[in-house]
Amino acid sequence: MPAMERVEFFACGQEANMMAIRLARAFTGRRKLLRFVENFHGWADEVVLSTLGVVADEVKVLPGHDLNLVEEELVKKEYAILFIEGGGAHMAGQIPWDADFVRALPSLTQRYGTVCLIDEVVTGFRDSPGG
Ligand SMILES: Cc1ncc(COP(=O)(O)O)c(C=O)c1O
């Protein structure tokens with residue numbers, strides 16, 4: 001994975017995501033998370049959908065495939081991190097993304113100072129050897 005500068009191992013995917021949120025909050029000085037419907041990122045309050053969570057008001061859930069909606073949120077400069085299942089929702093793309101949508105996110109998030117996280121717990125090296 002040529003883009004990789006450093007590797008950090010965790011006990012599970014959700015734990016890696018929680019650490020990513022913590023680091024993104026420290027890095028950006030912001031608290032909020034942006035994420036997409038149907039995508040799974042673990043069962044912690046900050047990443048779970050549709051059950052009661054104590055910090056759910058800090059999480060904004062968007063429909064996929066609408067870059068204008070994403071930018072409308074990013075421009076507020078409130079978001080520490082944006083999550084996406086890079087291969088598509090429900091592990092390995094049962095609800096696939098348009099690849100151009102996913103490819104547009106890193107530069108868009110960077111423009112507004114939000115960290116972009118592509119969550120590939122199951123699919124990483126299956127989708128492609130470079131991740
Ligand atoms: C995209 C994604 N994120 C997070 C997780 C959670 O990983 P874990 O069960 O190792 O905590 C999974 C598990 O399947 C996943 O597919």
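Colleague: When does a residue count as near a molecule or strand?
Modeller: When its C-beta atom, placed from the backbone, lies within 6 Å of that molecule or strand.

Colleague: And what sort of model is this? How are residues numbered?
Modeller: It is a predicted model, where local features need pLDDT of at least 70, side-chain atom pairs count only at pLDDT 80 or more, and totals for chains, interfaces and linings use all residues. Numbering starts from 1 along each chain, as its sequence is written.

Colleague: Ligand, then. How many residues surround the ligand, and which are the closest?
Modeller: Eleven surround it. Cys12, Gly13, Gln14, Gly42 and Val121 are the closest.

Colleague: How does that shell divide by residue type?
Modeller: Five are nonpolar, four polar and two charged. Ala, Val, Leu, Ile, Met, Phe, Trp, Tyr, Cys and Pro count as nonpolar; Asp, Glu, Lys and Arg as charged; the others, Gly among them, as polar.

Colleague: Zoom out. What is the secondary structure of the protein chain?
Modeller: Four helices and four strands. These are DSSP runs numbered from the N terminus: helices are H or I with at least four residues, strands E with at least two. From the N terminus on, the order is α-β-β-α-β-α-β-α.

Colleague: What share of the chain is buried?
Modeller: Of its 131 residues, 24%. Buried takes 20 or more other C-beta atoms within 10 Å of the residue's own; exposed means 12 or fewer, partly exposed is in between, and C-beta atoms are placed from the backbone.

Colleague: Back to H1. Which residues of H1 are buried?
Modeller: Asn17, Ala20, Ile21 and Ala24. Seen down the H1 axis, they fall within an arc of 100° (taken over directions from the helix axis to the C-beta atoms), so they line one face of the helix.

Colleague: What do the buried residues of H1 pack against?
Modeller: Strands S1 (32-36), S3 (79-84) and S4 (115-118). A contact here means two C-beta atoms, placed from the backbone, within 7 Å.

Colleague: And which residues are exposed on the other side of H1?
Modeller: Glu15, Met19 and Ala26. Just after H1, Gly29 takes a positive phi of about 75°.

Colleague: Last one. Where does Val122 lie?
Modeller: In the loop between S4 and helix H4 (124-127). Val122 counts as partly exposed because it has 15 C-beta neighbours inside 10 Å. Its C-alpha atom is separated by 9.9 Å from that of Glu85, 37 residues apart along the chain.
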